[in-house]
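Reader: I would like to learn how to read charge pairs, helices and surface patches in a model of this kind. Could we take them one at a time, with the general idea before the case?

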Amino acid sequence: MGNCYTFTIKNNFPELEILCAEINEIAKENNFSEQLLFSLNVCIEEMLTNIIKYGYDDKDPHDIEVQLEVDNEVMILTIVDDGHAFNPLDADAPDMESDLQHRQLGGIGIFLTCKMADKLSYERKDNKNFLKILLAPHVAAL
Amino acid sequence: MKLTQLESTDKITNLLLSGSLDVAGIKDVEMDFARLASGNRTVVVDFSGVIFIASLGMRMLLSAAKKLDSEGGRLILHSVPPLVETALETAGLTKVLPVAKDAPDAISLSQLQR
């Protein structure tokens, strides 16, 4: 049996920082490999930054639920927010070709997350976004 | 996150970054990094102690590189740990940001014609 951790943060960066610190503690307790921890941190930072920066049409505080299920280095990260509907899998591809002065980083966060994750799925229900990210660096095929 | 200025010359500023370039880490260094990584000079950053980077950290590097470039300088990273380098490559940043193997390699890169 694995462990399951649940967090609720508000849509601001100080709370995201605290969440990241807690995740790093969990990583220590569970002996995550460096690579798994790196990928997990990318997914959390990118997806939550997106939600905090662009997810809401008002300036009110909102709850974002983050759940982490850990079982033998297979991990499922679930992020639930009540912002407007946004499926990261539909995002535009980032600019990878422009020269230095013209290079923009829009879309890079989502692209990085998709590359690091083994599987991403998105669902909109009850006026909420449900994003599930599977990280399974040691499982060959799922 | 820590930013240290190492022995530098008129033309080359040597910096050492260490820690995690995450949401919290960037806040610690972004002001100083923007101030030191500017002007008509080569800024060489030892990345050996950087354990994490994602798009927020990349944004900091890219904006410094653009500013340096427009002022006649350039930004060169070296000794980048494998996971960090993979992330930079995945994001396509190594095409616009030179990454050298080590400090001497960074110096030879800085002497190449642009």
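Reader: Which side chain does K27(B) meet in a salt bridge?

Author: The general idea is that side chains of opposite charge can pair when their charged atoms come close. In this model, which is predicted, the side chain of K27(B) meets that of E17(A) in a salt bridge, with 2.9 Å from N to O. Because K27(B) belongs to helix α1 (residues 23–36) of chain B and E17(A) to helix α1 (residues 13–29) of chain A, this pair joins two chains.

Reader: How many salt bridges are there over all chains?

Author: The count over all chains comes to 7 salt bridges. Among them is the pair of K67(B) and E71(B), whose closest N and O atoms are 3.4 Å apart; K67(B) is partly exposed at 37% relative accessibility, and E71(B) is partly exposed at 33%. Another is formed by K125(A) with E123(A), where the closest N and O atoms are 4.0 Å apart, with K125(A) partly exposed at 37% relative accessibility and E123(A) partly exposed at 41%.

Reader: Turning to helices, what span does α2(A) reach from its first C-alpha to its last, and what span is expected?

Author: An α-helix has 3.6 residues a turn, so residues three or four places apart point the same way. In this case α2(A), with its 21 residues, reaches 30 Å from the first C-alpha to the last, which is close to the 30 Å expected at 1.5 Å a residue.

Reader: Is M47(A) buried or exposed?

Author: M47(A), which is found in helix α2 of chain A, is buried, with a relative accessible area of 4%. As for the helix that holds this residue, 16 of the 21 residues of α2(A) are buried, so α2(A) is largely enclosed by the rest of the structure. One may also follow the chain onward from M47(A) to H62(A), 15 residues apart along the chain, and find their C-alpha atoms separated by 15 Å.

Reader: Which residues gather in a patch of negative charge on the surface?

Author: To read such a patch, one asks which charged residues gather on the surface, and then where they lie in the chain. Here D57(A), D58(A), D60(A) and D82(A) gather in a surface patch of negative charge. One of these, D60(A), lies in the loop that runs between α2 (34–54) and β2 (63–71) of chain A, and D60(A) is partly exposed, its relative accessible area being 44%.

Conventions:
Residues numbered from 1 in each chain as written. Chains lettered and ligands numbered in written order. Predicted model: local features only at pLDDT ≥ 70, side-chain atom pairs only at ≥ 80, totals over all residues. Heavy atoms only, no water. Patch = residues over 30% accessible without salt bridge, like charges linked within 9 Å, V, L, I, M, F, W, Y side chains within 5 Å. Areas by Shrake-Rupley, 256 points an atom, 1.4 Å probe, with all protein chains shown as cover. Lys, Arg positive; Asp, Glu negative; His and termini not counted. Charge placed at Lys NZ, Arg CZ, Asp CG, Glu CD. Helix = DSSP H or I, 4+ residues; strand = E, 2+ residues; numbered from the N terminus. Buried < 20%, exposed > 50% of the residue type's maximum accessible area, 1.4 Å probe, protein only. Expected span 1.5 Å × (residues − 1).
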